[in-house]
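Work through the exercises below with the sequence and the coordinates at hand, and compare each step with its solution.

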Amino acid sequence: MLTRLRLSRFRCYGSLDWEIPAEGAVLVGGNAQGKTSLLEAVCLALTLHSPRASRLDRLAQHGADSFGISLEGADATRRLVWERGRRVSLRLNGADCADYGDFLADSPPVAWLGNSDIMLVRGAAEERRKYLNFLGAQWHPGYRSALQAYNKALKSRNALLRNPRRNAAALHSYAELLARHGTVLMQLRERLLNLLLPHISHNHRRISGGTEPVGIAYLPSAHADLLNAIEAAAEADERAGCTTTGPHRDDFLLEIDGAAAADYASEGQQRTLATAMQMAQSDLLQTETGLSPILLIDDIFGELDAARRQALLALLPESSQVFITTTSADWVQACGLPIRTVEGHTVTQFPKL
């Protein structure tokens, strides 16, 4: 359970000290008041991942060259400090962490739901890979280590491919690294999707009220032996200046009632499927880790009709701490969570209606 969040020069917050309710909170306020930034800070402190930015310098307050996050919980206090031009400082319970793995040890799992989740269904393959990587890194330690090693080798091989002085022996060495770690990733991704499907199907039925079956199929970039596939694409890679095959090009297909959801489902069906997928994160992580996930739900209730909104609220696990952002106060009294107003980058008690 999270108990206190402190921010320094993070996003729109010069400073913040928020005592977090035990159940979580519904954060109500207008646009650009700092609601989503609170959820993002929690996500970053627990997973070292931002769902909104790929670079840490984008998270510092405008004009600042550093930011800090301190997140206290019942079992641990995590502190992250970023300073321009320096390595990120990570501290767990007051002790410096040698690497990301030490910092993330025993961190509670996190599920993120956002108003752009529909892109999981109808967006590019990159959106679905991000979903797998965010979930996989929390689900299985081997996934996180394989992904980090694969990305490091991929970056090095791509740099070599762009170098006119590249040599075949070095390219082969990187291909071997990509194949070793990429094969682990592919195996874990296929297993993860198989584990996810029952949870997605269950949530989809509950939210939609329908009975259409949901399907999911892994679409790996390379179907054959990964090392042979990379070596076979060597000439194409040299022409392109990048590695053209491997898990960084993977995708998966989503279906509703046997038809590709991206092509044939309505917008409402796509949004419901995306929400079911995100809630499946929470279900799977709780089942696999035995820990209650932290749920971070960013402004999705305005996209749902009243029936789907009530169905989603009913799916929220009682054992989880839940954080919801919304611009509308019309329905929040019925959700059963503590309610806070976020205005002018300040969190205050919500006025009783």
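**Exercise 1.** Determine which strand gives the largest share of the lining of the second largest pocket, and describe that pocket.

Solution. Strand β4 (residues 66-73) supplies the largest share of this lining, 3 residues, where a strand is a DSSP run of E of at least two residues and a helix a run of H or I of at least four, numbered from the N terminus. The pocket has a volume of about 320 Å³. Of its 19 lining residues, those closest to the centre are Met-1, Asp-75, Asp-106, Ser-107 and Pro-108. By class, the lining divides into 10 nonpolar, 5 polar and 4 charged residues.

The model is predicted: local features need pLDDT of at least 70 and side-chain atom pairs pLDDT 80 or more, whereas totals for chains, interfaces and linings use all residues. Residues are numbered from 1 along each chain as its sequence is written, and side-chain values use heavy atoms, without hydrogens and water.

**Exercise 2.** Explain why a search of the whole structure finds 0 disulfides, taking Cys-12 and Cys-97 as cases.

Solution. A disulfide is counted when two cysteine sulfur atoms lie within 2.5 Å. The sulfur of Cys-12 is too far for a bond, because the closest cysteine sulfur, in Cys-43, is 17 Å away. For Cys-97 the closest is also in Cys-43, at 18 Å, again too far for a bond. Cys-12 is partly exposed at 25% relative accessible area, while Cys-97 is buried at 11% (buried is under 20%, exposed over 50%, partly exposed in between, with a 1.4 Å probe and protein chains only).

Key:
1 Å grid on protein atoms, 1.4 Å probe; cavity = no way out; pocket = protein on both sides within 12 Å on 5 of 7 lines; lining within 4 Å. Points joined across faces, edges and corners; volume = space filled by probe spheres on them. Nonpolar A, V, L, I, M, F, W, Y, C, P; charged D, E, K, R; others polar.
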